[in-house]
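Please walk through the model below with the text at hand. The paragraphs go from the overall make-up to single residues and helix contacts.

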Amino acid sequence: MSQDDFFATLGEDEAEPSSAPRQARPGRRERNRQREHERRRRRRRALISTLVLVLVLAGVGFVAYQALGVVKDARAGSSSVSDYTGAGSGEVVVTIPEGASGSEIGQILKDAGVVATVGAFTDAYAANSNASKIQAGTYTLRLQMSAANAVAALLDPASRSDHTLTIPEGYTTAQVKDRLVSVAGFTSEEVDSAFADATGIGLPEVAGGQVEGWLAPSTYDVPEDATATDVVGAMVSLTVSRLQSAGVAEADYETVLIKASIVEREAASVSYYGQVARVIENRLADTEGETKGRLQMDSTVLYGLGRTGGIPTADEVADASNPYNTYQHEGLPPGPISNPGLEAIQGVINPPPGDWLYFVTVNLDTGETLFSATHEEQVRNTEQLTAWCEEHAETCSGQSTTSSGS
């Protein structure tokens, strides 16, 4: 007899008197055996369920641990150091491309040996409220810097000073060349060669091979391995981009640049760009009126003479051999007279309404400029300039008075 049968029989003997009918005992024993079997089945199912749950939880924990390890590995890279300390040592030059994210910058710096891990840099980037102001460009940084110091260095203009070139609005090509030589370190021959390489610098055909007007004023990053052609090409590309963004048709590129270049040289401040552009449009249309379609602007005469400041003499104004003499020749000069910035281009494209044909700057300190529709008004306004110059003779001596018309 099995142990189960023994306990089942014992239970039956205690539960019932010996006088009970023998034919009932097998039925009760069978029922007891079935109940015990069912209890064992339920215990096995509970045990199996618990075991499965433990295994599932163990699997989830393992996956999470593995994922955490992957994250840690990604953040730490191959370095066993999570972040360096201090300002670092030595020097390394890195270039940050336009639109780079914090993690992309971090990867560039890690690859260059500046920071220990990408994760350390992205943490420092997120912790610095000014980090989003980091600009594209080439920087001189130190090796093995703390991530926080690396972010601070990228925000410091001094880190870029050896690699930048600034071209102010209204500079002529000759002035741009001087800066390419004196600041960027190119030779005169290299710059002249770049200016002449229309294909290499991407100069549009409408420019007629002349770079004047196409060298966009801006601050440029100049990598150590950049050529003069690279830098000049970037200037031309920026001008094209500005014209395209402004909706200028390619056939009108040169015309817009000629007008904008005059605006740059004539307007006393950005606030007058649109009005000066309107004067240009009105004079070009005034072929039968007071101006006979002549711009009569000193800046164009001076450009034809190879000068950028001062006042042309009466003889110079009367000299019709100067193709840029807009006192003698109707319409626009043969080409731009400077390299205009974005504001001047926008002023030409969207000049304010007005009937002005003349303007004169009456205060050379503040740049205050008066606009008028008739020659008589211009004469009266010019008297204000004369009176101001009598009180500020030293300021007016040898200075252009920025005016249109006589």
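Helices and strands are taken here as DSSP runs, of at least four residues for a helix and at least two for a strand, and they are numbered from the N terminus. With that convention, threonine 138 falls in strand E2, which covers residues 137-143. The model is a predicted one.

Over the whole protein, the assignment gives 15 helices and seven strands. The protein has 406 residues, of which 38% are buried. If one takes the contacts between residues at least 6 apart in sequence, 64% of them join residues at least 24 apart.

Threonine 138 has a relative accessibility of 1% and so counts as buried, the cut-off being under 20%. What does threonine 138 touch, leaving out residues up to four places away in sequence? The list consists of Val93, Val94, Thr95, Ser159, Arg160, His163, Asp221 and Pro223. With one of these residues, threonine 95, there is also a polar contact between side chains, at 3.1 Å.

Further along the chain, in the loop between E2 and helix H5 (147-155), lies glutamine 144. Its relative accessible area is 47%, so glutamine 144 is classed as partly exposed. The backbone of glutamine 144 has a positive phi of about 55 degrees, although the residue is not a glycine. For comparison, most residues other than glycine have a negative phi.

Glutamine 296 also has a positive phi without being a glycine, with a value near 50 degrees. This residue sits in the loop between H10 and helix H11 (298-304). Is glutamine 296 buried or exposed? Its relative accessible area is 10%, and glutamine 296 is therefore buried. The side chain of glutamine 296 forms a polar contact of 2.9 Å with the side chain of arginine 283. Glycine 331 is 35 residues away from glutamine 296 in sequence, and the two C-alpha atoms are 9.8 Å apart in space.

The next topic is helix packing. Helix H9 spans residues 253-266 and helix H10 spans residues 273-285; their axes come within 9 Å and cross at roughly 125 degrees. H9 and H10 are therefore oblique to each other, since that angle lies outside the ranges for roughly parallel (under 35 degrees), roughly antiparallel (over 145) and roughly perpendicular (65 to 115). The crossing of H9 with H10 is right-handed. On the H9 side the contact is made by Lys259, Ile262, Val263, Glu264 and Glu266, and on the H10 side by Tyr273, Val276, Ala277, Ile280, Glu281 and Leu284. Sorted by class, this contact holds seven nonpolar and four charged residues, and no polar ones.

H10 also packs against helix H13 (residues 342-349), with axes that come within 8 Å and cross at roughly 50 degrees. This angle makes H10 oblique to H13. The crossing of H10 and H13 is right-handed. Which residues meet in the contact of H10 with H13? From H10 they are Tyr273, Gly274 and Ala277, and from H13 they are Glu343, Ala344, Gly347 and Val348. Four of the residues in the contact of H10 with H13 are nonpolar, two are polar and one is charged. Tyr273 and Ala277 of H10 take part in the contact with H9 and in the contact with H13.

Two further residues lie towards the end of the numbering used here. Asparagine 363 is in the loop that runs between strand E5 (358-361) and strand E6 (369-372). With 15% relative accessibility, asparagine 363 counts as buried. Within the loop, the side chain of asparagine 363 reaches the backbone nitrogen of threonine 366 at 3.0 Å. Apart from neighbours within four places in sequence, asparagine 363 is in contact with Glu368 and Trp388.

Leucine 385 belongs to helix H14, which covers residues 375-391. Its relative accessibility is 6%, so leucine 385 counts as buried. Cysteine 396 is eleven residues from leucine 385 along the chain, and their C-alpha atoms are separated by 9.5 Å.

Conventions: Residues are numbered from 1 along each chain as its sequence is written. This is a predicted model: local features need pLDDT of at least 70, side-chain atom pairs count only at pLDDT 80 or more; totals for chains, interfaces and linings use all residues. Side-chain values use heavy atoms; hydrogens and water are left out. Axes are lines fitted to C-alpha atoms, for helices over the stretch in contact, and angles run from 0 to 180 degrees between N-to-C directions. A crossing is left-handed if the near helix is turned anticlockwise from the far one by less than a right angle, and right-handed if clockwise. Contact means heavy atoms within 4.5 Å. Ala, Val, Leu, Ile, Met, Phe, Trp, Tyr, Cys and Pro count as nonpolar, Asp, Glu, Lys and Arg as charged, and the others, Gly among them, as polar. Buried means under 20% relative accessible area, exposed over 50%, partly exposed in between (1.4 Å probe, protein chains only). A polar contact is a pair of N or O atoms within 3.5 Å; within protein, one must be able to donate a hydrogen and the other to accept it, and residues adjacent in sequence count only if both atoms are side-chain atoms.
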